[in-house]
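Subject: Handing over the structure

Hi,

Here is the structure I said I would pass on. Have a look at it first, and then read on for what turned up.

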Amino acid sequence: MSAKTQERSPNAPQRLKPQKPAAGDGTAEAVPLTKRRESDGNRVQSGFVDLAEKFLAMMREERGASEHTLRAYRREVRGFADFLAETMGEGGEIKRVEHTHIRAYMAVLFDRGLTKASVARALAAVRSWFKWLARSGFVEANPALLVSTPKLPKHLPRVPGIEELNRVMNSLQGSGIRAQGPEGGATPRSSLETHVSEARRGAPGLEADGEVAAWPARDRVIFELLYGAGIRNSELCGLDVVSVLWNDDAIRVFGKGRKERLVPLGDEAAAAIRAYLPERQAKLEAAGKAKLVHAGPLMMNLRARGDCRLTTRSVGRIVKQVAMSRGLAADVHPHTLRHAFGTHMLEEGADLRAIQEMLGHERLSTTQRYTQLTVGQVQRVYDETHPRAR
């Protein structure tokens with residue numbers, strides 16, 4: 001629905017215009033809700049915003065939503081709550097919200113230059129909010145169900161081939177730093193010695209956060225778990241040492257909504273972790289944090305800062321740096337390796353349900369994206385199986 005159509009429709013919500021006070025009447029000028037402040041600096045709360053906060057509290061306490069998920073929902077739901085307060089007034093009631101208000105809000109988002117994907121994400125958050133409002137008795141029905149999602153272009157995730165990733169993984173096994181010996185020749189030097197000395201002197205050439213491809217043993221574990229186990233970036237950073245179940249050849253992962261699942265731990269990933277743990281222990285002890293050796297985060301940052309846990313942003317930088325240095329595309333990121341895990345498993349004949357379980361997908365339809373073969377794969381199948389192709 002266009003903005004002009006909304007102006008002509010009698011049901012379209014009208015944006016309230018601030019009214020200037022008459023001279024000397026002592027009335028404060030109307031200001032958009034997002035800019036109003038209490039005298040003590042606290043944000044003015046409307047009924048819409050209060051309900052938005054209750055919804056977010058439910059997601060945090062009952063669903064166990066991650067901080068990343070909460071930030072995304074807070075941005076979208078609070079944005080719509082502020083819009084309702086501005087258009088309907090602070091005295092507006094949530095039960096009077098109609099689908100036309102939601103369409104009007106989507107038009108505002110498009111006017112701001114947001115993409116279809118961003119608007120669709122905002123609509124999904126609003127739908128979830130009103131679904132909870134309906135279940136909680138605040139509204140009789142969910143008006144967001146009457147609003148169509150913007151049609152998004154379909155595209156398959158681009159993933160490196162099996163041989164490409166095998167080459168990268170093999171190169172990480174032999175990554176090490178060599179120093180000049182007394183006779184000028186190359187002398188082997190342990191990666192732990194190298195990185196401890198680099199950390200002390202500032203390691204020229206490293207990024208500002210000091211994490212980009214700076215610790216080969218740890219970086220190998222990152223690739224082995226993202227590609228070898230197919231876990232998410234957030235799941236990787238959330239692993240603790242006790243998450244590795246050596247007797248079961250598995251790792252315990254907490255996915256979206258804190259849902260627990262066990263993921264097989266392959267031989268190569270296990271070997272990478274065993275090679276990394278002594279270096280991790282030495283760094284923690286040198287930083288005076290020996291108590292984290294057996295109970296702390298599995299993936300630690302280079303300089304043992306804070307709680308020593310590596311961040312998802314640092315993992316993204318590490319993956320991109322390593323991938324580009326090994327000749328992969330510049331758009332490779334941690335989720336690319338997860339996509340590659342699912343795609344390559346399916347290509348090698350794995351059952352779709354098994355892949356769904358390992359990836360932690362709630363719906364099989366999410367996993368089915370890997371069944372959409374590329375043109376090259378279709379051509380190969382034809383060449384190998386059709387009698388007229390040979």
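Let me start with one pair of residues: phenylalanine 254 stands opposite glutamate 260 in S5. Before going further, please keep in mind that this is a predicted model, where local features need pLDDT of at least 70, side-chain atom pairs count only at pLDDT 80 or more, and totals for chains, interfaces and linings use all residues. Residues are numbered from 1 along each chain as its sequence is written, and side-chain values use heavy atoms, with hydrogens and water left out.

First, the sheet. Strands (E, at least two residues) and helices (H or I, at least four) are DSSP runs, numbered from the N terminus, and two strands pair if DSSP finds at least two bridges between them. Three strands make an open sheet here, in the order S3-S4-S5 with antiparallel pairing. S3 (244–245) and S5 (260–264) are at the edges with a single partner strand each, so one side of each has no neighbour in the sheet.

S4 (residues 250–254) pairs with S5 over five antiparallel bridges, and valine 253 sits opposite arginine 261 in S5. The hairpin of S4 and S5 has five residues between the strands, and glycine 257 in the turn shows a positive phi of about 70 degrees. S3 and S4 are joined by two bridges, again antiparallel, with isoleucine 251 in S4 as the bridge partner of valine 244. Their hairpin has four residues between the strands, and aspartate 249 there has a positive phi near 50 degrees.

Isoleucine 251 also turns up in the largest nonpolar core, which has 47 residues; Ile251 is listed with Ile222, Leu225, Ile231 and Leu236 as having the most contacts inside it. A nonpolar core is a set of buried Ala, Val, Leu, Ile, Met, Phe, Trp, Tyr and Cys residues joined through side-chain atoms within 4.5 Å; buried means under 20% relative accessible area, exposed over 50%, and partly exposed in between (1.4 Å probe, protein chains only). Elements giving two or more residues to this core include S4, helix H8 (216–228) and helix H10 (267–286). H8 gives the most, with seven residues. Apart from this core lies another, of 36 residues, with Leu84, Ala85, Ala122 and Phe130 among them.

Next, helix H13 (residues 352–359). Its buried residues are Leu352, Ile355, Gln356, Met358 and Leu359. Seen down the axis of H13, they fall within an arc of 170 degrees (taken from the directions from the helix axis to the C-beta atoms), so they line one face of the helix. Arg353 and Glu357, on the other side of H13, are exposed. The buried residues pack against S5, H12 and helix H14 (364–367), where contact means heavy atoms within 4.5 Å. Just after H13 comes glycine 360, with a positive phi near 80 degrees.

Finally, two single residues. Is phenylalanine 55 buried or exposed? At 0% relative accessibility, phenylalanine 55 counts as buried. This residue belongs to helix H2 (residues 47–61) and touches Tyr73, Val77, Ser128, Trp129 and Trp132, leaving aside residues up to four places away in sequence. Threonine 343, in helix H12, counts as buried at 14% relative accessibility. With the same residues up to four places away left out, threonine 343 touches Val159 and Tyr370.

Happy browsing!
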